[in-house]
Amino acid sequence: MRGREEANVKKKLIIVFAVITAVLLLIPVRKVYEDGGTQTYTWNGW
């Protein structure tokens, strides 16, 4: 029984990390240029 419980915990952790990663990737990154204030938003600011 213990092996099955550990598998469930690992599966839940993977799901939690996947959800957190997806949420972080959906946050737009704002960049302000020095040409007078032009602002752009990107989804992949890293």
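User: What is the relative accessibility of Val9?
Analyst: This is a predicted model, where local features need pLDDT of at least 70, side-chain atom pairs count only at pLDDT 80 or more, and totals for chains, interfaces and linings use all residues. Residues are numbered from 1 along each chain as its sequence is written, and side-chain values use heavy atoms, leaving out hydrogens and water. Val9 sits in helix 1, residues 2-25 (helices are DSSP runs of H or I with at least four residues, strands are E runs with at least two, and both are numbered from the N terminus). Val9 counts as partly exposed (buried is under 20% relative accessible area, exposed is over 50%, and partly exposed lies in between, with a 1.4 Å probe and protein chains only), because its relative accessibility is 48%.

User: About how much area does the nonpolar surface patch containing Val9 have?
Analyst: Patch members have over 30% relative accessible area and no salt bridge; like charges are joined within 9 Å, and nonpolar side chains (Val, Leu, Ile, Met, Phe, Trp, Tyr) within 5 Å. A salt bridge here is a side-chain nitrogen of Lys or Arg within 4 Å of a carboxyl oxygen of Asp or Glu. Areas come from the Shrake-Rupley method with a 1.4 Å probe, and for residues only the protein chains shown count as cover. Val9 is joined by Leu13, Ile15, Val16, Phe17, Val19, Ile20, Val23, Leu24 and Ile27, and the patch comes to about 910 Å².

User: Let's look at another patch member. What is the relative accessible area of Val16?
Analyst: Val16 also has its place in helix 1. Val16 is classed as partly exposed because its relative accessible area is 44%.

User: How far apart are the C-alpha atoms of Asn8 and Leu24?
Analyst: Asn8 lies in helix 1 and is partly exposed, with a relative accessible area of 39%. Asn8 and Leu24 are 16 residues apart along the chain, and their C-alpha atoms are separated by 25 Å.

User: Now the strands. Over how many bridges do strand 1 and strand 2 pair?
Analyst: Strands pair here if DSSP finds at least two bridges between them. Strand 1 covers residues 29-32 and strand 2 residues 39-42; their pairing is antiparallel, and the number of bridges is 4.

User: Which residue in strand 2 does Val29 stand opposite?
Analyst: Val29 has its place in strand 1 and is partly exposed at 31% relative accessible area. Its C-alpha is 5.2 Å from that of a residue 13 positions away in sequence. The residue opposite Val29 in strand 2 is Thr42.

User: Which residue takes a positive phi in the hairpin of strand 1 and strand 2?
Analyst: This hairpin has 6 residues between the strands. The positive phi is near 125°, and the residue taking it is Gly36.

User: What is the order of elements along the protein chain?
Analyst: The chain has 1 helix and 2 strands. Its C-alpha atoms fill a box of roughly 65 × 10 × 10 Å along the principal axes. From the N terminus on, the order is α-β-β.

User: What percentage of the residues of the protein chain count as buried?
Analyst: The chain exposes about 4,600 Å², with carbon and sulfur atoms supplying 64% of that area. Of its 46 residues, the share that count as buried is 0%.
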